[in-house]
Amino acid sequence: MTLRKGEKMTISIQEHMAIDVCPGPIKPIKQISDYFPRFPRGLPATVGRSGTLRSTVSQPSVSPAEAPREEDEDVDQLFGAYGTTPAEQPAKCQAPEEVVDPEGYESDDCTTLGTLDFSLLYDQENNALHCTINKAKLPKLDYKKGLKPMDHNGLADPYVKLHLLPGASKANKLRTKTLRNTLNPTWNETLTYYGITDEDMIRKTLRISVCDEDKFRHNEFIGETRIPLKKLKPNQTKNFNICLEKQLPIDKTEDKSLEERGRILISLKYSSQKQALLVGIIRCAHLAAMDANGYSDPYVKTYLKPDEDKKSKHKTAVKKKTLNPEFNEEFCYEIKHGDLAKKTLEITVWDYDIGKSNDFIGGVVLGINAKGERLKHWFDCLKNKDKKIERWHTLTNELPGAVLSD
């Protein structure tokens with residue numbers, strides 16, 4: 001068969017489409033896919049087994065703006081993994097995407113690591129985050145599928161560990177008690193972080209890990225979840241019942257860039273009856289670790305300056321091996337109310353060491369030359385006589401004009 005100049009040959013397939021072939025030598029047709037490697041979207045044509053045509057598009061396309069949001073909202077409620085997007089999270093209780101495990105073991109994609117039931121409450125007035133760990137349901141271990149062995153009896157000795165990210169590891173860690181020989185532990189235990197600010201609720205993430213305690217070896221990691229604190233509303237308890245995930249890496253660079261020296265809760269009150277300023281050192285939180293064991297032995301000094309006689313220095317008791325000490329001590333400075341405007345209150349936190357110089361952890365200065373919350377705290381104290389005012393303050397590693405030695 002030959003074509004004259006300017007003529008075209010048309011091959012019809014069930015009257016639904018056509019192919020235009022330019023003049024030239026004709027090659028034998030091996031299969032339709034030679035001419036139809038892909039059908040454009042919207043073209044009602046794929047060849048079924050019966051040889052008839054059926055539509056490739058079963059539903060109309062939906063733009064991203066019109067796509068249903070219900071599943072995303074469910075994922076958002078159930079999963080808050082740090083550094084991941086909702087698309088990476090399972091919408092229901094399924095195994096998460098494969099993550100590189102630092103210890104090199106793998107589990108079946110269909111195998112869950114268990115579920116955890118807990119609730120979170122941000123007490124805005126008292127700057128506290130209450131974490132209530134209710135119960136967990138852990139899977140039976142299948143050694144053939146490569147799951148990490150725990151106890152030989154197929155059970156576990158589970159406990160839950162909390163960690164605020166970013167932040168110094170030991171200063172931000174809390175843990176529940178350990179329950180023995182169970183895959184269905186019930187703790188009903190509340191762990192509390194103190195000194196939590198609105199800024200923390202915006203930028204920090206709570207990492208919750210379930211581990212198996214082992215007396216003779218290292219404790220075994222079972223699974224974890226991460227909840228961005230910005231998902232919580234102040235003074236409203238939020239309940240969670242979610243699937244545990246594999247261990248995710250922690251961004252060490254971010255930890256260092258946002259490293260803090262710790263925080264201190266201070267109360268101020270000017271007593272008209274005593275004609276004195278009462279300074280309360282209540283507690284510290286998330287202090288920097290100064291000792292080799294990862295802890296500190298902290299105590300607090302207060303100093304009302306200027307003080308020519310150097311009689312205004314007070315010191316709390318030392319709290320051993322802790323990064324979250326509770327002092328509840330109060331110091332009295334006899335001074336006229338009108339003279340307070342000329343004074344500066346210097347508060348420093350130290351790590352006690354035997355046989356060598358004590359280490360400076362951090363400090364804060366309150367007075368008319370201070371800024372931000374420190375100035376506001378001092379001003380509120382002067383303005384409101386006989387009223388105790390408590391505020392959390394962030395410790396800095398430098399104090400203007402302070403001699404960093406004890």
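Is I354 buried or exposed? I looked this up before anything else, keeping in mind that the model is predicted. I354 has a relative accessible area of 70%. The cut-off for exposed is over 50%, so I noted I354 as exposed.

**Entry: surroundings of I354**
I placed I354 in the loop between β18 (344-351) and β19 (359-367). I then checked for nonpolar neighbours at the surface and found that V318, Y352 and I354 make a nonpolar surface patch of about 280 Å².

**Entry: the chain as a whole**
I counted four helices and 20 strands in the protein chain. The chain has 406 residues, of which 44% count as buried. I read its exposed area as about 24100 Å², with carbon and sulfur atoms supplying 49% of it. I also looked at how far apart in sequence the contacting residues lie. Of the contacts between residues at least 6 apart, 62% join residues at least 24 apart.

**Entry: nonpolar cores**
Nonpolar side chains tend to be buried together in soluble globular proteins, so I looked for cores next. The largest nonpolar core has 31 residues, and L116, F118, L162 and L206 touch the most other members. I listed the elements that give two or more residues to this core: β5 (115-123), β6 (128-137), β7 (158-165), β9 (186-194), β10 (205-212), β11 (220-228) and β12 (238-243).

I followed L116 in detail, leaving out residues up to four places away in sequence. Its contacts include I133, V160, W187, I208, V210, F240 and I242. K135 and N241 are also among the residues that L116 touches.

I found a second, separate core of 29 residues, and C284, Y333, I347 and I361 are among its members.

**Entry: cysteines**
How many disulfides does the structure hold? I found zero. I checked the burial of two cysteines as well. C131 has a relative accessible area of 1% and is buried. C381 is at 0% relative accessibility, so I entered C381 as buried too.

**Entry: N384**
I located N384 in the loop between α4 (372-383) and β20 (389-394). Its relative accessible area is 26%. Buried requires under 20% and exposed over 50%, so N384 went down as partly exposed. I then took the C-alpha to C-alpha distance from N384 to S271, which is 10.0 Å. In sequence, N384 and S271 are 113 residues apart.

Terms used: Residues numbered from 1 in each chain as written. Predicted model: local features only at pLDDT ≥ 70, side-chain atom pairs only at ≥ 80, totals over all residues. Heavy atoms only, no water. Core = buried A, V, L, I, M, F, W, Y, C linked by side-chain atoms within 4.5 Å. Buried < 20%, exposed > 50% of the residue type's maximum accessible area, 1.4 Å probe, protein only. Contact = heavy atoms within 4.5 Å. Patch = residues over 30% accessible without salt bridge, like charges linked within 9 Å, V, L, I, M, F, W, Y side chains within 5 Å. Areas by Shrake-Rupley, 256 points an atom, 1.4 Å probe, with all protein chains shown as cover. Salt bridge = Lys/Arg side-chain N within 4 Å of Asp/Glu carboxyl O. Disulfide = S-S within 2.5 Å.
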